[in-house]
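Subject: Handing over the structure

Hello,

Here is the structure I promised to pass on to you. Please open it beside this email, so that you can follow along as you read.

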Amino acid sequence: MEKGKNIYEIGETELQNGEKISSLFCTLFGALLLIIVIMFSFNENNDILAVVLSSADFIVLFLIFLFSRYLIKKEKYPEIFAYFSVVFDSLGGVLFLAVSYFLFTANNLKVLVFLSSFYLILVIIINIFRLKIIFPVLTAIIGTIGTLFIALSSVFIKNDLNDLVVIFLVAGVMLLTGIISSFVVYRFTGILEKNMVTEELLRSSRRLRMTLEIVEASIVSLGNFVSNLDEIAERLSRGARN
């Protein structure tokens, strides 16, 4: 019979699967954002700051991707690394959003702000795969606080309130996404705990089946013995007469 897994082993496996999905997504989406930032910087004749910040952001995401794959391959992936990864994935999105909002203008700004916001929201959803409530919650908190900080900073740096409502709306969507994602994880793990067949349960089931087989064999033997009582009594009676 195939060996069952307990809830902790399943959680560890899903944590690693979630890391694979999340780190790959962040690296690919980060590369896309970096390419767009470089293209828009040349179009607007911006200074090199936007490219430098976006490149540094992408390099960090790519290094996390490589290191996480190495740890998983060597079967040395610790849970603490998941927190490290989630924090930097979220901060990476916030930095892309800040670069987009403060270093670009007009339509370029709108495109990059949309993509950066989309990145932050998807990172929250992807953390559902880690099967722990703390990860979508942590991602949503970092994304929401970072977005609100950018919104408040824009009042003093850009003196422009036109896009402020949009930034606040993005923060609200991220917070709502975090709540929904956390509820999904809570419901799924609850169902999993109630319905999964653990190794301990399988072992107990095998012991119970063996016990029932022994009891069944004993009952059959007892039935045969009772059926032969008449014959035994008759033989004893004959022996006594002789």
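Below is a short tour of what I found.

First, a word on where it comes from: this is a predicted model.

**The overall picture**

The protein holds eight helices and zero strands. Read from the N terminus, its elements run α-α-α-α-α-α-α-α. Of the 242 residues in the protein, 37% are buried.

**Helix H2**

A good place to begin is helix H2, which covers residues 49-73. H2 has 25 residues, and the distance from its first C-alpha to its last is 36 Å, close to the 36 Å expected at 1.5 Å a residue. Which residues of H2 are buried? They are Ala-50, Val-51, Ser-54, Asp-57, Phe-58, Leu-61, Ile-64, Phe-65, Ser-68, Leu-71 and Ile-72. As you look down that list, keep one general point in mind: an α-helix has 3.6 residues a turn, so residues three or four places apart point the same way.

**Aromatic rings**

The structure holds 15 aromatic pairs. One of them joins Phe-67 and Tyr-70, whose ring centres are 6.4 Å apart; their planes meet at 15 degrees, under the 30 degrees that counts as stacked, so this pair is stacked. Both residues lie in H2, three residues apart, which is about one turn of the helix. Are these two buried or partly exposed? Phe-67 is partly exposed, with a relative accessible area of 42%, and Tyr-70 is partly exposed as well, at 44% relative accessibility. The pair also belongs to a wider group, since Phe-67, Tyr-70, Tyr-77, Phe-81, Phe-84 and Phe-88 form one aromatic cluster.

There is another ring to look at elsewhere in the chain. The charged end of Arg-130 sits over the ring of Phe-135, 5.6 Å from the centre of that ring.

**Two loops with a positive phi**

After H2 comes Glu-75, whose phi is positive. The value is near 60 degrees, in a residue other than glycine. Glu-75 has its place in the loop between H2 and helix H3 (79-103). With a relative accessible area of 71%, over the 50% cut-off, Glu-75 is exposed.

Pro-78 is found in the loop between H2 and H3 too. Pro-78 counts as partly exposed, at 32% relative accessibility. The C-alpha atoms of Pro-78 and Leu-15 are separated by 9.6 Å, while the two residues are 63 residues apart along the chain.

Leu-131 is another residue other than glycine with a positive phi, again near 60 degrees. You will find Leu-131 in the loop between H4 and helix H5 (134-157). Is Leu-131 buried or exposed? Its relative accessible area is 15%, under the 20% cut-off, so Leu-131 is buried.

**The second largest pocket**

Next, have a look at the second largest pocket, which holds about 180 Å³ of space. The lining of this pocket has 12 residues, and those nearest its centre are Lys-110, Val-113, Phe-114, Val-166 and Val-170. Two elements give two or more residues to that lining: helix H4 (106-126) and helix H6 (164-195). Which of the elements gives the most? That is H4, with seven residues. By kind, the lining divides into nine nonpolar residues, one polar and two charged.

**Contacts across the sequence**

Two further pairs are worth finding in your viewer. Val-173 lies in helix H6, and it is partly exposed, with a relative accessible area of 35%. From C-alpha to C-alpha, Val-173 and Ser-117 are 9.5 Å apart in space, and 56 residues apart in sequence.

The other pair starts from Ser-90, which is found in helix H3. Ser-90 counts as buried, at 0% relative accessibility. Ser-90 and Ile-121 are 31 residues apart in sequence, and their C-alpha atoms are 9.6 Å apart in space.

That is the end of the tour, and I hope you enjoy exploring the model.

Best wishes

Terms used. Residues are numbered from 1 along each chain as its sequence is written. This is a predicted model: local features need pLDDT of at least 70, side-chain atom pairs count only at pLDDT 80 or more; totals for chains, interfaces and linings use all residues. Side-chain values use heavy atoms; hydrogens and water are left out. Helices (H or I, at least four residues) and strands (E, at least two) are DSSP runs, numbered from the N terminus. The expected span of a helix is 1.5 Å times one less than its number of residues. Buried means under 20% relative accessible area, exposed over 50%, partly exposed in between (1.4 Å probe, protein chains only). On a 1 Å grid over the protein atoms alone, a cavity is a set of points where a 1.4 Å probe fits but cannot get out, and a pocket is an open set with protein on both sides within 12 Å along at least five of seven lines; lining residues have an atom within 4 Å of a point. Grid points are joined across faces, edges and corners, and a volume is the space filled by probe spheres set on the points. Ala, Val, Leu, Ile, Met, Phe, Trp, Tyr, Cys and Pro count as nonpolar, Asp, Glu, Lys and Arg as charged, and the others, Gly among them, as polar. Rings of Phe, Tyr and Trp (its six-membered ring) pair if their centres lie within 6.5 Å; planes under 30 degrees apart count as stacked, over 60 as edge-to-face and the rest as tilted. A charge sits over a ring if NZ of Lys or CZ of Arg is within 6 Å of the ring centre and within 35 degrees of the ring normal.
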